[in-house]
Amino acid sequence: MPVPAEILAVERPRNTRVKKSGDRYLVIKRTCKRVGGRNVPVELGTIGEIVNGKYVEKRAAPRSKEVEIKDYGEVALNDKCAGGMLQELANVWDIPDAKRLLVIALLRSSYGDMRNRDLEMRYRTSFLSEMYPGVALSENAVGKFLSGIGAAYSLIVEFMRNRIAAFSGGKMVVDGMLKGYNSETSSFSEFSRKAMKKGSRDVSLMYAFDPGTREPIAVKPYQGNMLDSTAIEDFIGEYDIRRALMIFDKGFHNDALFERTDKLDGLSCVVPLKSNSRLIARYGLDEPVEKLKGFGRSTVLYKKAKMANGKWLYAYRDTRSAFEQETGYIERASKKKSGMDSRKYLEKKSRFGLIVFQCKDNLDPLLVYLAYLGRWDIEVMFGMYKNIIDRDTVNVQTDYRLYATELINFISVIISTRVRRLLGQTMLGGKKKKPLTELYSHKQILTYLSKYKKVRTVEGGKWHPSKRLKYIEDLCEALGI
């Protein structure tokens, strides 16, 4: 179709022609050369375009399409709390693989769960692409990467063993969790005893964690229907754990496992007694009176007793919790038509706020209590694992990728645990400063930090902080980012 006369009439540079290309009218620079004794026109390329009845000149060189406004606040906080992790990974994997493992973990701890296809976009639009440049995160690249990492299983074991060997605290705590996993192609996806009720399959994760810092030390996935005792024995054996407290809830009883464990040096089972256990009254453990030294709250009392068989009992009462439990019991009982049964009330009164443990070892009462709190606190961390990192359902379909994905999730949990600890230690406010965790939720803090961007106002130039509101500046200053 010929170019309309009104387009040809638009003023443009000499020695050019107009060429229709779709709905556009391109202006082409022309010259000529002598061929066979005559002049032959030669096109030198597009120099502009006719737009809305006017000639618009094209830039001599194409402009960059790089992202020049990038998320900074939340990734800077998570990267700060990942200190030392890259070296830990590089002690086992090649540096490019170590970087990719860390970057994926940082993306998930910063933004929550995301499918593999979203990783590249998040990476390009965050400052992680400047901190750790050159990381390939396309969907296909990540899929192949996960398969390769999971297939080389001995390297994952080496990484976990290195972390256990570097653990410098007292005894670590071993615990486990179940996570929904409905893969049709993985041998890990099985119906656990809990999953049968909800109609969903699970994968089981066994963890070791530091009771002092609440930071996970090692992890391994198991089939969802595997017995806890079997998984625990394998976990301890494969990772060569020599010093550990295995904390169990009241519903877990495996005398054979307890007996085998009690014969091993350095390993101990800490088993909570049922509230109606006769041992509590026999050893006078329903009236702990000593203050638990070294524990932050002053409301916790304890008592320690040696049993006739040589084992030890540890009793703790949180008086604040006891008051809440007693008040709640009275309020509920008062609402009944029959009123409160004074005999039952007196039977329960001595057990409000009380927890009693049995263990073969003569341990520091503070260690036992911190291990107990850590076990429950790790459940909070698992909740964070589902909500903040949002990894409650595994979305990979092979065993290799599951191993690799759980490794990355594990690194994300370590980082997020450190973030949470930093937030609890960081003070903010006026004259009466408070920990950040008392002022804002974890999610709120990440939302505020998401307002902190790094921008580049000159192509290829330096990055500068975006303009922020005063309270966000104060938050960033307090956190040192």
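Student: Hi! How many bridges join strand β10 to β14, and which way do the two run?
Tutor: Two bridges join them, and β10 (residues 267-272) and β14 run antiparallel. Keep in mind that this is a predicted model.

Student: Got it. Which residue in β14 is the bridge partner of V271?
Tutor: That would be Q358.

Student: And how many bridges join β13 to β14?
Tutor: Six bridges join β14 to strand β13, which covers residues 312-318, and these two run antiparallel. One place to look is R317, whose bridge partner in β14 is L354.

Student: Is β14 mostly covered or mostly open?
Tutor: Mostly covered: of the six residues in β14, five are buried.

Student: Okay, new topic. How many salt bridges are there in the whole structure?
Tutor: A search of the whole structure turns up 15. As background, side chains of opposite charge can pair when their charged atoms come close.

Student: Nice. Which residue forms a salt bridge with D361?
Tutor: K171 does, and the closest N and O atoms of the pair are 3.0 Å apart. D361 lies in the loop between β14 (354-359) and α15 (365-387), while K171 lies in the loop between α8 (153-166) and β6 (172-180), so the pair ties together parts 190 residues apart in sequence.

Student: Are D361 and K171 buried or exposed?
Tutor: Both of them are buried.

Student: What about K70, which residue does it form a salt bridge with?
Tutor: K70 pairs with E130, with the closest N and O atoms 2.8 Å apart. K70 sits in strand β5 and E130 in helix α6 (residues 128-131), so this salt bridge ties together parts that are 60 residues apart in sequence.

Student: Are those two buried or exposed?
Tutor: K70 is buried, at a relative accessible area of 4%. E130 counts as partly exposed, with 31% relative accessibility.

Student: You said K70 is in β5. What sheet does β5 belong to?
Tutor: β5 is part of an open sheet of three strands in the order β5-β17-β18, with antiparallel pairing. The edge strands are β5 (69-71) and β18 (464-465), each of which pairs on one side only.

Student: So how many bridges join β5 to β17?
Tutor: Three bridges join β5 to β17 (residues 453-455). Within that pairing, K70 stands opposite K454 in β17.

Student: Back to salt bridges. Where do R418 and E215 sit in the chain?
Tutor: First, their side chains meet in a salt bridge, at 3.1 Å from N to O. R418 is in helix α16 (residues 399-425) and E215 is in the loop between β7 (202-209) and β8 (216-223), so this pair links distant parts of the chain, 203 residues apart.

Student: Are R418 and E215 buried or exposed?
Tutor: R418 is buried, with a relative accessible area of 15%. E215 counts as buried too, at 11% relative accessibility.

Student: Which residues are linked in a network of salt bridges with them?
Tutor: The network links E88, R163, E215, R418 and R421.

Student: Last one! Which residues gather in a patch of positive charge on the surface?
Tutor: Look for R332, K336, K344 and K348, which gather in that patch.

Student: Where is K348 found, and how open is it?
Tutor: K348 is found in helix α14 (residues 342-349). With a relative accessible area of 43%, K348 is partly exposed.

Notes:
Residues are numbered from 1 along each chain as its sequence is written. This is a predicted model: local features need pLDDT of at least 70, side-chain atom pairs count only at pLDDT 80 or more; totals for chains, interfaces and linings use all residues. Side-chain values use heavy atoms; hydrogens and water are left out. Two strands pair if DSSP finds at least two bridges between them. Helices (H or I, at least four residues) and strands (E, at least two) are DSSP runs, numbered from the N terminus. A salt bridge is a side-chain nitrogen of Lys or Arg within 4 Å of a carboxyl oxygen of Asp or Glu. Buried means under 20% relative accessible area, exposed over 50%, partly exposed in between (1.4 Å probe, protein chains only). Patches are made of residues with over 30% relative accessible area and no salt bridge: like charges are joined within 9 Å, nonpolar side chains (Val, Leu, Ile, Met, Phe, Trp, Tyr) within 5 Å. Accessible areas come from the Shrake-Rupley method with a 1.4 Å probe; for residues, only the protein chains shown count as cover. Lys and Arg count as positive and Asp and Glu as negative; His and the chain ends are not counted. The place of a charge is taken as NZ of Lys, CZ of Arg, CG of Asp or CD of Glu.
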